[in-house]
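Reader: I would like to learn how to read a model like this one, feature by feature. Could we go through it together?
Author: Gladly; here it is.

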Amino acid sequence: MAELDQKFLDETFPPERTDAFFDALFGGAEEGAYDIRLVPLGVTDKEAHLAFELRQRPGKCLKCSLTYGLPQVFKRHPVLNVAGVARAVAGRLGWEGEPEWELGPTEEVDAETHVIPLRLVRK
(Lines give C-alpha, C1' and ligand atoms only; values in the text may rest on other atoms or scores of the structure.)
Protein backbone atom coordinates (compact mmCIF):
# COMPACT_ATOMS: atom_id res chain seq x y z
CA MET A 1 0.00 0.00 0.00
CA ALA A 2 1.30 3.46 -0.90
CA GLU A 3 2.08 6.02 1.77
CA LEU A 4 0.31 9.31 2.21
CA ASP A 5 3.36 11.45 2.80
CA GLN A 6 3.21 15.20 3.34
CA LYS A 7 4.98 15.90 0.03
CA PHE A 8 2.23 14.13 -1.92
CA LEU A 9 -0.51 15.88 0.06
CA ASP A 10 1.15 19.29 -0.47
CA GLU A 11 1.18 18.58 -4.22
CA THR A 12 -2.45 17.42 -4.14
CA PHE A 13 -3.59 20.39 -2.08
CA PRO A 14 -0.93 23.08 -2.69
CA PRO A 15 -0.53 26.08 -0.37
CA GLU A 16 -1.60 28.45 -3.18
CA ARG A 17 -5.08 26.97 -2.99
CA THR A 18 -5.64 28.82 0.30
CA ASP A 19 -5.12 32.20 -1.38
CA ALA A 20 -7.29 31.17 -4.35
CA PHE A 21 -10.04 30.15 -1.91
CA PHE A 22 -9.96 33.50 -0.07
CA ASP A 23 -9.73 35.39 -3.34
CA ALA A 24 -12.91 33.64 -4.55
CA LEU A 25 -14.63 34.01 -1.16
CA PHE A 26 -13.69 37.58 -0.26
CA GLY A 27 -12.23 39.09 -3.43
CA GLY A 28 -8.74 39.16 -1.93
CA ALA A 29 -6.36 36.60 -0.47
CA GLU A 30 -5.20 39.08 2.18
CA GLU A 31 -8.63 38.78 3.86
CA GLY A 32 -7.95 35.18 4.86
CA ALA A 33 -7.32 34.53 8.54
CA TYR A 34 -5.67 31.13 8.12
CA ASP A 35 -3.64 28.88 5.86
CA ILE A 36 -5.05 25.49 4.88
CA ARG A 37 -2.91 22.36 4.71
CA LEU A 38 -4.00 18.78 4.11
CA VAL A 39 -2.32 16.44 6.61
CA PRO A 40 -2.37 12.62 6.96
CA LEU A 41 -3.73 11.04 10.13
CA GLY A 42 -3.81 7.34 9.30
CA VAL A 43 -4.62 4.73 6.65
CA THR A 44 -6.04 1.22 6.82
CA ASP A 45 -7.04 -1.14 4.01
CA LYS A 46 -10.56 0.33 3.96
CA GLU A 47 -10.23 3.91 5.24
CA ALA A 48 -7.99 6.94 5.05
CA HIS A 49 -8.14 9.64 7.70
CA LEU A 50 -6.80 13.08 6.89
CA ALA A 51 -7.50 16.60 8.05
CA PHE A 52 -7.59 20.06 6.60
CA GLU A 53 -5.47 21.93 9.10
CA LEU A 54 -6.34 25.62 9.49
CA ARG A 55 -3.41 27.61 10.91
CA GLN A 56 -3.93 31.19 11.98
CA ARG A 57 -2.08 33.79 9.91
CA PRO A 58 0.01 36.41 11.74
CA GLY A 59 -2.11 39.31 12.94
CA LYS A 60 -5.38 37.48 12.20
CA CYS A 61 -7.94 35.84 14.48
CA LEU A 62 -8.74 32.21 13.76
CA LYS A 63 -11.45 32.06 16.42
CA CYS A 64 -13.18 35.07 14.82
CA SER A 65 -13.31 33.34 11.42
CA LEU A 66 -16.43 31.23 11.96
CA THR A 67 -14.52 28.04 11.22
CA TYR A 68 -17.33 25.88 12.61
CA GLY A 69 -19.43 26.39 9.47
CA LEU A 70 -16.56 25.56 7.15
CA PRO A 71 -17.15 21.83 6.56
CA GLN A 72 -20.29 22.68 4.54
CA VAL A 73 -18.39 25.38 2.62
CA PHE A 74 -15.43 23.08 1.98
CA LYS A 75 -17.75 20.32 0.77
CA ARG A 76 -19.15 22.45 -2.05
CA HIS A 77 -16.44 24.98 -2.90
CA PRO A 78 -14.98 24.39 -6.39
CA VAL A 79 -11.58 25.94 -5.58
CA LEU A 80 -11.03 23.50 -2.72
CA ASN A 81 -12.37 20.58 -4.80
CA VAL A 82 -12.54 18.10 -1.92
CA ALA A 83 -13.99 15.43 -4.24
CA GLY A 84 -10.93 15.78 -6.49
CA VAL A 85 -8.64 15.60 -3.47
CA ALA A 86 -10.43 12.41 -2.34
CA ARG A 87 -10.00 10.87 -5.81
CA ALA A 88 -6.27 11.75 -5.88
CA VAL A 89 -5.71 10.25 -2.42
CA ALA A 90 -7.65 7.09 -3.32
CA GLY A 91 -5.61 6.79 -6.51
CA ARG A 92 -2.37 7.14 -4.56
CA LEU A 93 -3.53 4.35 -2.26
CA GLY A 94 -4.31 2.13 -5.25
CA TRP A 95 -8.04 2.06 -4.59
CA GLU A 96 -10.30 1.30 -7.54
CA GLY A 97 -13.25 3.57 -8.36
CA GLU A 98 -14.64 6.59 -6.55
CA PRO A 99 -14.09 6.67 -2.80
CA GLU A 100 -16.84 7.68 -0.43
CA TRP A 101 -15.78 10.69 1.62
CA GLU A 102 -17.08 12.92 4.35
CA LEU A 103 -15.94 15.94 6.28
CA GLY A 104 -16.31 15.95 10.04
CA PRO A 105 -17.09 18.96 12.22
CA THR A 106 -14.39 21.54 12.86
CA GLU A 107 -12.24 20.69 15.87
CA GLU A 108 -10.25 23.24 17.82
CA VAL A 109 -6.72 21.98 18.51
CA ASP A 110 -5.70 25.27 20.12
CA ALA A 111 -6.30 28.99 19.58
CA GLU A 112 -4.07 29.05 16.48
CA THR A 113 -5.03 25.70 14.94
CA HIS A 114 -8.36 24.16 13.95
CA VAL A 115 -8.86 21.01 11.87
CA ILE A 116 -11.60 19.68 9.63
CA PRO A 117 -11.38 15.87 9.49
CA LEU A 118 -11.63 14.18 6.07
CA ARG A 119 -12.52 10.48 6.03
CA LEU A 120 -12.29 8.41 2.87
CA VAL A 121 -13.86 4.95 2.62
CA ARG A 122 -12.83 2.41 0.01
CA LYS A 123 -15.79 0.96 -1.87
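Reader: Let me start with a single residue: is Asn81 buried, partly exposed or exposed?
Author: First, a word on the source: this is a predicted model, in which local features need pLDDT of at least 70, side-chain atom pairs count only at pLDDT 80 or more, and totals for chains, interfaces and linings use all residues. Residues are numbered from 1 along each chain as its sequence is written, and side-chain values use heavy atoms, with hydrogens and water left out. Buried means under 20% relative accessible area, exposed means over 50%, and partly exposed is in between (1.4 Å probe, protein chains only). Asn81 has a relative accessible area of 35%, so this residue is partly exposed.

Reader: Where does Asn81 sit, and what is its phi?
Author: Elements here are DSSP runs numbered from the N terminus: helices are H or I with at least four residues, strands are E with at least two. Asn81 is in the loop between α3 and α4 (82-92). Its phi is near 45 degrees, a positive value in a residue other than glycine. A glycine with positive phi appears too: Gly27, just after α2, at about 85 degrees.

Reader: Now the interior. How many residues does the largest nonpolar core have?
Author: A nonpolar core is a set of buried Ala, Val, Leu, Ile, Met, Phe, Trp, Tyr and Cys residues joined through side-chain atoms within 4.5 Å. The largest one has 29 residues, and those with the most contacts inside it are Tyr34, Ile36, Leu50, Phe52, Phe74, Val89 and Leu118. Two or more residues each come from α1 (6-12), α2 (16-26), β1 (34-43), β2, α3, α4 and β5. The largest share, five residues, comes from α4.

Reader: Which residues is Leu50 in contact with?
Author: Contact means heavy atoms within 4.5 Å. Leaving aside neighbours within four places in sequence, the partners of Leu50 include Leu4, Leu9, Leu38, Val89, Ile116 and Leu118.

Reader: Which residues of α2 are buried?
Author: In α2 the buried residues are Arg17, Thr18, Phe21 and Phe22. To judge whether a helix has an inward side, look at the arc, taken from the directions from the helix axis to the C-beta atoms. These residues cover an arc of only 135 degrees around the axis, which puts them on the same side of α2. They pack against α1, β1, α3 and α4.

Reader: On to charges. How many salt bridges does a search of the whole structure find?
Author: The general idea is that side chains of opposite charge can pair when their charged atoms come close. The cut-off is a side-chain nitrogen of Lys or Arg within 4 Å of a carboxyl oxygen of Asp or Glu. The search finds 10 salt bridges. One of them joins Lys7 and Glu11, with the closest N and O atoms 2.8 Å apart. Both residues lie in helix α1, four residues apart, about one turn of the helix, and both are exposed.

Reader: Which pair links distant parts of the chain?
Author: Arg37 and Asp10 meet in a salt bridge of 2.9 Å, N to O. This pair links Arg37 in strand β1 to Asp10 in helix α1, 27 residues apart. Arg37 counts as partly exposed at 37% relative accessibility, and Asp10 counts as partly exposed at 22%.
Author: Another case is Glu108 with Lys63, whose closest N and O atoms are 3.0 Å apart. Glu108 lies in strand β4 and Lys63 in the loop between β2 and α3, so the pair ties together parts that are 45 residues apart in sequence. Lys63 counts as exposed at 53% relative accessibility, whereas Glu108 counts as partly exposed at 37%.

Reader: Is Arg57 buried or exposed?
Author: Arg57 is buried, with a relative accessible area of 12%. This arginine lies in the loop between β2 (47-56) and α3 (70-76). Arg57 is linked with Asp19 and Asp35 in a network of salt bridges.

Reader: Last, the strands: how many bridges join β4 to β5?
Author: Two strands pair if DSSP finds at least two bridges between them. Three bridges join β4 (residues 107-110) to β5 (residues 113-121), and the strands run antiparallel. Glu107 has Val115 in β5 as its bridge partner. A hairpin through two residues joins β4 to β5.
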